[in-house]
Amino acid sequence: MSEQANQAQNQNETQFMIQRIYVKDLSFETPNTPAVFQQQWEPELNLEINTTNTMLEEGVYEVVLTVTTTVTNQKATAFLVEVKQAGIFTIQGAPANQLDHLLNSFCPNILFPYAREAITSQVIRGSFPQLVLAPINFDALYMQQLAEKQKEVQA
């Protein structure tokens with residue numbers, strides 16, 4: 001293969017790199033302590049997940065995965081943990097649809113284990129039983145969002 005053809009092929013390839021992963025915001029609230037510790041433990045979990053992304057410069061993006069867990073016990077809030085786990089990613093050479101998939105599925109998938117660990121750590125420090133969130137299929141969530149957008153466009 002000629003050097004020009006090799007360079008053209010390299011220019012068409014998508015480049016992906018993690019620059020940094022960090023906690024952007026972390027909150028832990030226990031509004032009903034100490035009464036919640038004196039009740040029988042029958043927790044109910046509510047989980048909310050959201051992602052946002054911002055272009056910092058050409059080919060460099062900040063992706064923020066927000067995970068909010070609210071645990072109630074006997075209809076009263078036992079604790080609420082919210083973490084905004086963020087990362088800075090370099091993504092170059094990706095077509096628009098692939099870029100959208102990377103920012104809204106692939107990057108959150110990378111960030112989730114860090115968010116999960118932060119939540120587990122805060123819950124234990126709050127003197128509650130360990131909470132380990134199950135893995136999340138961000139690809140399935142992304143496909144579901146695409147299907148919903150497509151329905152809105154057709155309506």
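**A walk through the model, starting at helix H3**

Colleague: How far apart are the end C-alpha atoms of helix H3 (residues 138–154)?
Modeller: This is a predicted model, and a helix in it can be checked against the span expected from its residues. Helix H3 holds 17 residues, and the expected span is 1.5 Å times one less than that number, so a span of 24 Å should result. The end C-alpha atoms agree with this, as the distance between them is 24 Å.

Colleague: Which residue caps the N-terminal end of H3?
Modeller: The cap can be recognised from a side-chain oxygen that lies 3.1 Å from the backbone nitrogen of Asp139. That distance falls within the 3.5 Å allowed for a polar contact. The residue that supplies this oxygen, and so caps the N-terminal end of H3, is Asn137.

Colleague: Which residue makes a polar contact with the side chain of Ser105 through its own side chain?
Modeller: Ser105 lies in helix H2 (residues 96–125), and at 1% relative accessibility it counts as buried, because the limit for that word is under 20%. Leaving aside residues up to four places away in sequence, Ser105 touches Phe138, Asp139 and Tyr142. The polar contact between side chains, at 2.5 Å, is made with Asp139.

Colleague: Is Thr90 buried or exposed?
Modeller: Thr90 has its place in strand E4 (residues 76–92), and its side chain is joined to that of Gln19 by a polar contact of 2.6 Å. Among the residues that Thr90 touches, not counting those up to four places away in sequence, are Phe16, Met17, Gly59 and Val60. Its relative accessible area is 12%, and because a value under 20% is needed for the term, Thr90 is buried.

Colleague: What distance separates the C-alpha atoms of Thr30 and Val83?
Modeller: Thr30 is placed in the loop between strand E1 (15–29) and E2, and its relative accessibility of 25% makes it partly exposed. Not counting residues up to four places away in sequence, Thr30 touches Ala78, Phe79 and Phe128. Along the chain, Thr30 and Val83 are 53 residues apart, while the separation of their C-alpha atoms is 15 Å.

Colleague: Which residue is joined to Thr33 by a cis peptide bond?
Modeller: The cis form of this bond shows in its omega, which is about 0°. The partner of Thr33 has its place in the loop between E1 and E2. That partner is Pro34.

Colleague: Gln74 and Lys75 both have a positive phi; which of them is exposed?
Modeller: Both residues are found in the loop between E3 and E4, and neither is a glycine, although phi is about 55° for Gln74 and about 70° for Lys75. Gln74, with a relative accessible area of 42%, is partly exposed. The word exposed calls for over 50%, and the residue that reaches 84%, and is therefore exposed, is Lys75.

Colleague: How much accessible area do Leu45, Leu47 and Ile49 have together?
Modeller: Ile49 is found in strand E2 (residues 43–57), and at 31% relative accessibility it counts as partly exposed. A patch requires over 30% relative accessible area, so Ile49 passes that limit. With Leu45 and Leu47, Ile49 forms a nonpolar patch on the surface, and their accessible area together is about 220 Å².

Conventions:
Residues numbered from 1 in each chain as written. Predicted model: local features only at pLDDT ≥ 70, side-chain atom pairs only at ≥ 80, totals over all residues. Heavy atoms only, no water. Patch = residues over 30% accessible without salt bridge, like charges linked within 9 Å, V, L, I, M, F, W, Y side chains within 5 Å. Areas by Shrake-Rupley, 256 points an atom, 1.4 Å probe, with all protein chains shown as cover. Salt bridge = Lys/Arg side-chain N within 4 Å of Asp/Glu carboxyl O. Helix = DSSP H or I, 4+ residues; strand = E, 2+ residues; numbered from the N terminus. Buried < 20%, exposed > 50% of the residue type's maximum accessible area, 1.4 Å probe, protein only. Polar contact = N/O pair within 3.5 Å; in protein donor to acceptor, adjacent residues only side chain to side chain. Contact = heavy atoms within 4.5 Å.
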